[in-house]
Amino acid sequence: MGLLTNRKTKENTIIIGCGRLGANLANTLSDKGRSVLIVDNDKGAFRKLSSSFGGIVVSGDATEIKVLKEAQIENAAAVVAVTNNDNTNIMVAQMAKELFNVQHVIARLYDPERECVYREFGIDTICPAVLSAKEIDKLLNISDIWEDSI
Ligand code: AMP
């Protein structure tokens, strides 16, 4: 893995959770030449990163302040919390926003009912259930099954 550049210029993106979504995002941003650091508490998860990944990996529980400091969160322009646990994502997102003044904070939430609450805290949320429902609705609308039944 290459060294992260621009660590002092707040151009870095920190991804929390190197799962299916986190690893994919990390690989995509790295391929675009962005400075990426990814955190996971399971070292084996980093195997999902591509061989061309040029960012930094930090192993540890992202709900611990010492792990976030190790990831140099104070120098991050963006934090994306995509672990498989809504509470973890919310907690890390709030720490990033409130304690470390990170400008762009995004959290994945599985539970759509929590989405609006966190928007009020200035945390952008991505809810797979809501996004999927919208996409499925779009696909149903562009297909001609409804016309057949009229
Ligand atoms: P997935 O279910 O594929 O989206 O993967 C979620 C990832 O989040 C897994 O690799 C987990 O090890 C990781 N994860 C879960 N909790 C934490 C945590 N507290 N700190 C860092 N990574 C975590």
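Trainee: Let me start with a strand pairing: which residue in β5 stands opposite A81?

Mentor: A107 is the residue of β5 that faces A81. Keep in mind that we are reading a predicted model. The two strands involved, β4 and β5, run parallel and are joined by four bridges.

Trainee: What connects them, and what is the handedness of the β-α-β unit?

Mentor: The unit is made of β4, α3 and β5, and it is right-handed.

Trainee: On the other side of the pairing list, which residue of β1 stands opposite A81 in β4?

Mentor: That is I16. One place earlier in β1, I15 has V80 as its bridge partner in β4. β1 and β4 run parallel, with five bridges between them.

Trainee: And how many bridges does β1 make with β2, and in which sense do they pair?

Mentor: Five bridges, in the parallel sense. I16 serves again as a landmark, since it stands opposite V39 in β2. Between these two strands the chain passes through α1, and this β-α-β crossover is right-handed.

Trainee: How should I read the side chains of a strand like β1?

Mentor: Begin with the general idea: in a regular strand, side chains alternate between the two faces of the sheet. Now the case here: N12, I14 and I16 point one way from β1, while T13 and I15 point the other way. Both groups are buried.

Trainee: Why is β1 described as largely enclosed by the rest of the structure?

Mentor: Because five of its five residues are buried. A similar reading applies to β4, where five of the six residues are buried, so that strand too is largely enclosed by the rest of the structure.

Trainee: Which residues have the most contacts inside the largest nonpolar core?

Mentor: They are I14, I16, A26, V79 and A93, in a core of 34 residues. The elements that give two or more residues to this core include β1, α1 and β2, along with β4, α3 and β5. Look at I16 once more: leaving aside neighbours within four places in sequence, its contacts include V39, A62, V79 and V92, as well as the run V80, A81, V82 and T83.

Trainee: Could we try a residue in a helix? Why does A23 count as buried?

Mentor: The general idea is to count C-beta atoms within 10 Å, and 20 or more make a residue buried. A23 has 22 such neighbours, so it counts as buried. This residue lies in helix α1, which covers residues 20-31.

Trainee: What does A23 touch beyond four places away in sequence?

Mentor: C18, K48 and L49. L49 is 26 residues from A23 along the chain, yet their C-alpha atoms are separated by 5.5 Å.

Trainee: Then the ligand: how many residues surround it, and which are the closest?

Mentor: There are 18, with G17, G19, A45, T83 and N84 the closest. T83 also appeared among the contacts of I16. By class, the shell holds six nonpolar, eight polar and four charged residues. Both α1 and β2 supply at least two residues of that shell.

Trainee: To step back, what pattern does the protein follow along the sequence?

Mentor: It reads β-α-β-β-α-β-α-β-α-β-α-α, with six helices and six strands. Of the 150 residues, 32% count as buried. Among contacts with a separation of 6 or more, 51% link residues 24 or more positions apart.

Definitions and conventions. Residues numbered from 1 in each chain as written. Predicted model: local features only at pLDDT ≥ 70, side-chain atom pairs only at ≥ 80, totals over all residues. Buried ≥ 20, exposed ≤ 12 C-beta atoms within 10 Å, placed from the backbone. Contact = placed C-beta atoms within 7 Å. Core = buried A, V, L, I, M, F, W, Y, C linked by C-beta atoms within 7 Å. Near = placed C-beta within 6 Å. Nonpolar A, V, L, I, M, F, W, Y, C, P; charged D, E, K, R; others polar. Pairing = 2+ DSSP bridges. Right-handed = clockwise from strand over helix to strand, strands pointing away.
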